[in-house]
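The exercises below concern a single molecular structure. Each begins with a task and continues with a solution in steps.

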Amino acid sequence: MIILGIETSCDETAAAVVENGEIVHSDVISSQIALHRAHGGVVPELAARGQVTAIIPVIQAAMAEAGVSNDDIDAVAVTNRPGLAGSLLVGVNAAKAFAWSIGKPLIAVNHLEGHVHANWLRSPAEAPHDLPFPAVCLLVSGGHTELLLMTSAHDYELLGETIDDAAGEAFDKGARLLGLGYPGGPAIQRASEGGSPEAFAFPRSQLGNSLDFSFSGLKTSLLRQVEGYRLPDDRPKQTGAIFPEHRPPIYRDDLPLADLAASYEEAIVDVLATKFVRAVEQTGARTMLIAGGVAANRRLRDRVEESAPAGVIVSWPRFEFCTDNAAMIAGRAWHLAQRGEFGDFATDVYPKGPIVHANH
Ligand code: KG4
Ligand code: ZN
């Protein structure tokens with residue numbers, strides 16, 4: 001079964017062609033990062049307009065790259081939750097129109113379930129990934145931080161979640177405080193190179209023994225550390241300097257940037273890895289799945305690998321399948337098709353939305 005996947009939930013426009021839920025024949029992503037960087041974060045209205053411009057060429061490119069024509073496509077899958085309403089609408093309407101025009105079914109996919117499914121994606125030459133259940137998934141994206149117990153590809157139980165900021169948000173807000181810009185995760189990872197993760201003792205909020213997370217105190221603690229290095233704000237404002245590289249510096253040269261970035265990153269990773277392992281020990285899971293944009297973080301991968309209990313399989317998606325992409329949407333859609341869960345013209349978008357196949 002060949003599924004065309006479409007993903008427009010935030011600031012990336014993506015389309016992909018995936019066979020039988022796993023084999024990725026193409027995966028095209030048009031990023032708006034440069035557009036939003038000027039504003040230090042995603043501007044919803046600009047994101048939706050960018051989606052409109054990119055959607056048709058991106059779908060065409062994904063089909064051309066996979067070498068498929070309309071007749072080869074068995075279903076059209078699209079993200080319909082959670083995300084920015086205006087951005088989601090562009091993808092959902094394009095998917096409806098395309099599915100109708102080629103006479104094939106529509107499948108509506110939860111973006112978060114897509115992130116989890118990214119662990120099963122592979123290239124045509126690669127063997128299937130053997131990831132036995134029960135599995136615990138650490139889902140860490142820009143908007144979500146959750147620990148999920150999966151007893152099958154469809155059954156999720158929420159073990160814990162963030163009570164304030166998501167891990168990705170902690171990276172993004174930290175990067176902004178450090179004057180590093182958007183997106184924050186990759187920027188902090190880059191800035192941390194050569195720095196000491198022990199230079200600053202940032203708080204690790206454990207919330208007792210629970211599997212919930214809290215990252216807001218960390219941000220406040222970083223703010224306190226950088227305040228002393230702030231340059232006086234009475235310098236003449238530079239007009240037109242909307243790009244970070246053209247903005248005047250906000251900190252003195254002696255700001256220990258690498259140490260701050262490395263210690264801040266370590267504090268986030270430490271809490272994530274500790275609770276991830278605790279969840280595995282409590283549930284007896286056989287597999288640890290990492291999913292979402294923060295899964296691209298090198299330090300997190302190292303820490304989870306080091307601390308995984310013996311005999312437990314550790315899996316994370318290939319780097320390009322960690323952050324937003326459409327291959328994960330087409331992949332997840334295959335499972336929904338097997339269960340006969342199709343969308344129709346009434347399929348709507350939902351800006352907020354927990355994982356659908358969950359019992360919490
Ligand atoms: O899953 P994703 O692409 O979009 C959402 O669904 O939210 O996740 C984006 C988040 C951002 O907060 C970004 O800073 C973070 O993932 N991220 C990273 C890295 N790459 C992306 N965080 C830490 N280290 C990275 N290398
Ligand atoms: Zn995402």
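**Exercise 1.** Determine whether His111 and His115 are buried or exposed, and establish which atoms coordinate the zinc ion (ligand 2).

*Solution.*
Step 1. Both His111 and His115 are buried, where buried means under 20% relative accessible area, exposed over 50% and partly exposed in between, with a 1.4 Å probe and protein chains only. The model is predicted, so that local features need pLDDT of at least 70 and side-chain atom pairs count only at pLDDT 80 or more, while totals for chains, interfaces and linings use all residues. Residues are numbered from 1 along each chain as its sequence is written, chains are lettered from A and ligands numbered from 1 in the order in which they are written, and side-chain values use heavy atoms, with hydrogens and water left out.

Step 2. The two histidines are placed in helix α4 (residues 111–117), where His111 and His115 stand four residues apart, about one turn of the helix. Helices (H or I, at least four residues) and strands (E, at least two) are DSSP runs, numbered from the N terminus.

Step 3. The zinc ion (ligand 2) is coordinated by NE2 of His111, NE2 of His115 and OD of Asp324, at 2.0 to 2.1 Å. Donors are N, O and S atoms within 2.8 Å of the metal (3.2 Å for Na, K and Ca); water is not among the atoms, so sites may look incomplete.

Step 4. Along the sequence, the spacing of the donor residues is H-x3-H-x208-D.

**Exercise 2.** Identify which residues come nearest to ligand 1, and which element gives the most to the shell around ligand 1.

*Solution.*
Step 1. There are 19 residues around ligand 1, of which His115, Gly142, Asp172, Gly185 and Gly293 come nearest. A residue is near a molecule or strand if one of its heavy atoms lies within 4 Å of it.

Step 2. Ligand 1 sits in the largest pocket. A pocket is found on a 1 Å grid over the protein atoms alone, as an open set of points with protein on both sides within 12 Å along at least five of seven lines. A molecule sits in a pocket if more than half of its atoms lie within 2 Å of its grid points.

Step 3. Two or more residues of the shell around ligand 1 come from each of α4, α5 (167–177) and α6 (184–191). The most are given by α6, with four residues.

Step 4. Consider next the atom pairs. An oxygen atom of ligand 1 lies 2.9 Å from a polar side-chain atom of His115, a residue that also coordinates the zinc ion (ligand 2). A backbone N or O atom of Gly185 lies 2.9 Å from an oxygen atom of ligand 1. For Gln189, a polar side-chain atom is found 3.2 Å from a nitrogen atom of ligand 1.

Step 5. Ligand 1 taken alone exposes 550 Å², and the protein buries 87% of that. Accessible areas come from the Shrake-Rupley method with a 1.4 Å probe.

**Exercise 3.** State which side chains make polar contacts with Ser9 and with Thr13.

*Solution.*
Step 1. Ser9 belongs to the loop between β1 (2–7) and β2 (12–19). With a relative accessible area of 3%, Ser9 is buried.

Step 2. The side chains of Ser9 and Glu7 are joined by a polar contact of 2.6 Å. A polar contact is a pair of N or O atoms within 3.5 Å; within protein, one must be able to donate a hydrogen and the other to accept it, and residues adjacent in sequence count only if both atoms are side-chain atoms. A further polar contact, at 3.4 Å, links the side chain of Ser9 to that of His111.

Step 3. Thr13 lies in strand β2 and is buried because its relative accessible area is 0%. The side chain of Thr13 makes a polar contact of 2.7 Å with the side chain of Gln51.

**Exercise 4.** Locate the cis peptide bonds that precede Pro134 and Pro183, and describe the backbone at Asn20 and Leu207.

*Solution.*
Step 1. From Phe133 to Pro134 the peptide bond is cis, with omega near 0 degrees; Pro134 is in the loop between α4 and β6 (135–140).

Step 2. From Tyr182 to Pro183 the peptide bond is cis, with omega near -5 degrees; the loop between α5 and α6 holds Pro183.

Step 3. Asn20, in the loop between β2 and β3 (23–31), has a phi near 50 degrees, a positive value in a residue other than glycine. Asn20 counts as partly exposed because its relative accessibility is 34%.

Step 4. Leu207 lies in the loop between α6 and α7 (216–227), and its phi is near 50 degrees, a positive value in a residue other than glycine. Leu207 is partly exposed, at 34% relative accessibility.

Note on methods:
1 Å grid on protein atoms, 1.4 Å probe; cavity = no way out; pocket = protein on both sides within 12 Å on 5 of 7 lines; lining within 4 Å.
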